[in-house]
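Hello,

The structure we spoke about is placed just below. My notes on it follow, with the helices taken in turn and the confidence values at the end.

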Amino acid sequence: MTTGPAPGAGQPVEGETLPVVAPRLRELRRRAGLTLEAAAARARLSPAHLSRLETGRRQPSLPLLLGLARTYGTTVSELLGETPAVVDPIVRAGGPGAREADGWTYWRAGGSGRGMQALRVHVPAGRGQGELVRVHPGEEWLYVLTGTLRLHLGETEHLLESGDSAHFDSLTPHRIGAATAAGADLLFVHTLLQSSLAGLCLGGAPTDRR
């Protein structure tokens, strides 16, 4: 049974200007071998609403783009027609400088512009983002390198020591903090869909540290 769009679901997110995506939506649906009705059912839209998106009579919101990307097995970047640059698969030690946000420090540990992002993170004790609860699409995996990490998943708190790891659906409300005075270091991987409209959910505006 199909479900019609929620009120305002076909409108662009406030402050965002989306490129014309209608031709891409039609092309990806046909590439997937789906009829309009089958694709609409998978995306939980009415066929009439999907048809309006494909003909450019309605512009999709970001949540709709995320849902359509999953339906067609692609990324928001491809839906938007963005052409990724050729990415070097190797990330060398001493490569891109550290970036800092709200006291946390990040080093890139994987290629940019990918559907899966890998980072090395230092979480200081009692600083900034420890009280920030996050909920967003995707999955997260983390591995504690040094120190003790406090991980809240929903209503449950976990203490992770060096060598421990966690893998969870990031739609589960979660927050992370260091439980040791020297902070904690971890490897962090997430699978947020990448585009100019869906950046990393890492807190405040980062600044480069060379």
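**Helix α4 and its surroundings**

Helix α4 is followed by Gly 73, whose phi is positive, near 65°. Please keep in mind throughout that this is a predicted model.

Seven of the ten residues of α4 are buried, so the helix is largely enclosed by the rest of the structure. The residues concerned are Leu 62, Leu 64, Leu 65, Leu 66, Leu 68, Ala 69 and Thr 71. They pack against α1, α2, α3 and α5.

In α5, which spans residues 76–79, sits Val 76. With a relative accessibility of 0%, Val 76 counts as buried. Its C-alpha lies 9.4 Å from that of Gly 115, although the two residues are 39 positions apart in sequence.

**Helix α2**

Which residues of α2 are buried? In this helix, residues 36–43, they are Leu 36, Ala 39, Ala 40 and Ala 43. Viewed down the axis of α2, these buried residues fall within an arc of 100°, so they line one face of the helix. An α-helix has 3.6 residues a turn, so residues three or four places apart point the same way. The cover over the buried residues of α2 includes α1 (22–31), α3 (47–54) and α4 (62–71). Just past the end of α2, Arg 44 has a positive phi of about 60°.

**Two helix pairs**

Two packed helices are described by the angle between their axes and the distance between the axes. Both pairs below involve α3.

- α2 with α3: the helices pack at an angle of about 105°, and their axes are 9 Å apart. Angles of 65 to 115 degrees count as roughly perpendicular, and α2 and α3 are therefore roughly perpendicular to each other. On the α2 side the contact is made by Leu 36, Glu 37, Ala 39 and Ala 40, and on the α3 side by Pro 47, Leu 50, Ser 51 and Glu 54. By class, these residues divide into five nonpolar, one polar and two charged.
- α1 with α3: here the angle is about 120° and the axes are 7 Å apart. α1 and α3 are therefore oblique to each other. Ala 22, Leu 25, Arg 26 and Arg 29 of α1 meet Leu 50, Leu 53 and Glu 54 of α3. This contact has four nonpolar and three charged residues, and no polar ones.

Leu 50 and Glu 54 of α3 appear in the contact with α1 and also in the contact with α2.

**The protein as a whole**

There are five helices and ten strands. Of the 210 residues, 40% count as buried. Among contacts with a separation of 6 or more, 67% are between residues 24 or more positions apart.

**Confidence**

How is pLDDT spread over the protein? The average is 77, and 74% of the residues score at least 70. Among the elements, strand β6 (residues 156–160) has the highest mean pLDDT, 96, and strand β10 (residues 207–209) the lowest, 46.

Two stretches call for caution. Over residues 1–19 the pLDDT stays under 50, and the model has 35 contacts beyond four places in sequence for them. Over residues 193–210 the pLDDT also stays under 50, with 54 such contacts. Where pLDDT is low, the predicted coordinates should not be read in detail.

Regards

Conventions: Residues numbered from 1 in each chain as written. Predicted model: local features only at pLDDT ≥ 70, side-chain atom pairs only at ≥ 80, totals over all residues. Heavy atoms only, no water. Buried < 20%, exposed > 50% of the residue type's maximum accessible area, 1.4 Å probe, protein only. Helix = DSSP H or I, 4+ residues; strand = E, 2+ residues; numbered from the N terminus. Arc of directions from axis to C-beta. Contact = heavy atoms within 4.5 Å. Axes fitted to C-alpha atoms, helices over the stretch in contact; angles between N-to-C directions. Parallel < 35°, antiparallel > 145°, perpendicular 65-115°, else oblique. Nonpolar A, V, L, I, M, F, W, Y, C, P; charged D, E, K, R; others polar. pLDDT = per-residue confidence, 0-100.
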